[in-house]
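Reader: I am new to this structure and would like to learn how to read its strands and helices. Please take me through them step by step.

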Amino acid sequence: MDRNPASSAKALVFYSEFDDPEEWREALQAELPDLDFRVAPDIGDPQTVGYVLAWRPPQGFFAPFENIKLVVNLGAGVDSLTGRDDLPEVPICRLSDPGMVNLMRSYVLFAVTRYARDMPDFEAAKRRGEWHYIHPTPLDKIKVGVLGLGALGSAVARSLADLGFDVHGWDILDKDVPGVRVESDPARWKPFLSELDIVVNMMPLTAGTRGLLDKEAFAAMKKGAKFVNASRGQVVDEEALLDALRTGQVGGATLDVFWEEPLPKDHPFWEMENVYITPHLASITVPQAAARDVAESIRRIEEGESPLHQINPKAGF
């Protein structure tokens, strides 16, 4: 008789309002054929649940799972799994598959290149029916700053450098990213921002980054600098960004994330010609690729080892 209920907790519960559970079931059972895959709210006996694969589960979601051994976040941003009172102290890991990384790289490369090659001006000229020539600026003369050099931020920064941009990175830790000049000194925050032509926010949402890009940060930027946000809306003070866009302090913004999603129909961003909006799709998880890492993390937990891509809940990343 098994006297340790946790050792027999093998089932995985899936929760997401956005992702297809059947796609994930097929991908995971290709890696773990005997996996007991359940889709919330049909969780069965909660005592037999050892694993949760979830995206933004509601408060109280984890309370029934007394024998949980691992939580896998269905994405890179783990802010919805930190600071909770229903989640026991178990390993939490995020997804970091090549498909997700490539999608983020493509999004930021598009957004930055669109500004670097003056595409908003040409789009406006087309609407006017005007042949409007702007002499191209060499890419190595354009300073791009990437704020946050985690797995996605580092990949973005390297790709921008490979394309020929003059890339500068900011992180709370001193990191070595090929082709990127990295800053981590808090005293250099405003001078760092002041040197950039295009600013890309890739910072995770933590207690320390919430509202970090505020009125002072936008005022510190070079007049007319462009801004790209592909991480979390709450890192940005939206009122401060609105003011900066209206005055021309920020010349244009490409925004994939917002404080409230979907973005309300009456939000001022919709009416602003210098704001490009996408509906939180810069990077998504690709089940067929990510399932390999999820399965490997489950195997490691069963063998008493640490999972892949484990995060620090107190730090928030």
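**Strands, sheets and helix packing**

Author: In strand S10, phenylalanine 227 is the residue that stands opposite valine 199. The model is a predicted one. The chain gets from S9 to S10 by way of helix H6 (residues 215–220), in a right-handed β-α-β crossover.

Reader: How many bridges join S9 to strand S10, and which way do they run?

Author: The general idea is that strands of a sheet pair through backbone hydrogen bonds, either parallel or antiparallel. Here S9 and S10 (residues 225–229) run parallel and are joined by four bridges. Another facing pair is asparagine 201 and asparagine 229 of S10.

Reader: Which strand does S9 (residues 198–201) meet over four bridges, running parallel?

Author: That is S6, which is joined to S9 by four bridges. Glycine 145 stands opposite valine 199 in S9, and leucine 147 has asparagine 201 as its bridge partner there. Valine 199 therefore faces glycine 145 and also phenylalanine 227 of S10.

Reader: Are the faces of S9 covered or open?

Author: Both are covered. Ile198 and Val200 lie on one side, Val199 and Asn201 on the other, and all of them are buried.

Reader: How many residues of strand S6 are buried?

Author: S6 (residues 143–147) is mostly covered, with four of its five residues buried. The chain leaves S6, passes through helix H4 (residues 151–163) and arrives at S7 in a right-handed β-α-β crossover. S6 and S7 (residues 166–170) pair in the parallel sense over five bridges, and glycine 145 stands opposite histidine 168 in S7.

Reader: What is the order of the strands in the open sheet of seven?

Author: The order is S8-S7-S6-S9-S10-S11-S12, and the pairing is parallel. S8 (180–183) and S12 (275–277) are the edge strands, each pairing on one side only. On average, neighbouring strands of this sheet are turned by 15 degrees against each other, direction ignored.

Reader: Which strands does helix H2 touch as it packs on the sheet?

Author: H2 (residues 98–116) touches S6, S9, S10, S11 (250–255) and S12. The direction of H2 makes about 155 degrees with that of S11. H4 also packs on the sheet, touching S6, S7 and S8, and the direction of H4 makes about 170 degrees with that of S6.

Reader: At what angle do the axes of H2 and H4 cross?

Author: Two packed helices are described by the angle between their axes and the distance between the axes. For H2 and H4 the axes come within 9 Å and cross at roughly 50 degrees. That angle makes H2 oblique to H4. H2 passes H4 in a right-handed crossing. Residues of H2 that make the contact include Met100, Met104, Val108 and Val112, and those of H4 include Leu152, Val156, Leu160 and Leu163.

Reader: How far apart are the axes of helix H1 and helix H8?

Author: The axes of H1 (residues 21–31) and H8 (residues 287–302) are 8 Å apart, and the helices pack at an angle of about 50 degrees. H1 is therefore oblique to H8. H1 passes H8 in a right-handed crossing. On H1 the contact is made by Glu23, Trp24, Ala27, Leu28 and Glu31. Among the H8 residues in the contact are Pro287, Ala291, Val294 and Arg299.

Reader: In what order do the strands of the open sheet of five stand?

Author: They stand in the order S2-S1-S3-S4-S5, with parallel pairing. S2 (37–39) and S5 (92–94) are at the edges with a single partner strand each, so one side of each has no neighbour in the sheet. Neighbouring strands of this sheet are turned by 25 degrees against each other on average, direction ignored.

Reader: Over how many bridges do S3 and S4 pair?

Author: S3 (residues 49–54) and S4 (residues 70–73) pair over four bridges, in the parallel sense. Tyrosine 51 stands opposite leucine 70 in S4.

Methods: Residues numbered from 1 in each chain as written. Predicted model: local features only at pLDDT ≥ 70, side-chain atom pairs only at ≥ 80, totals over all residues. Heavy atoms only, no water. Buried < 20%, exposed > 50% of the residue type's maximum accessible area, 1.4 Å probe, protein only. Helix = DSSP H or I, 4+ residues; strand = E, 2+ residues; numbered from the N terminus. Pairing = 2+ DSSP bridges. Right-handed = clockwise from strand over helix to strand, strands pointing away. Axes fitted to C-alpha atoms, helices over the stretch in contact; angles between N-to-C directions. Contact = heavy atoms within 4.5 Å. Parallel < 35°, antiparallel > 145°, perpendicular 65-115°, else oblique. Left-handed = near helix turned anticlockwise from the far one by under 90°.
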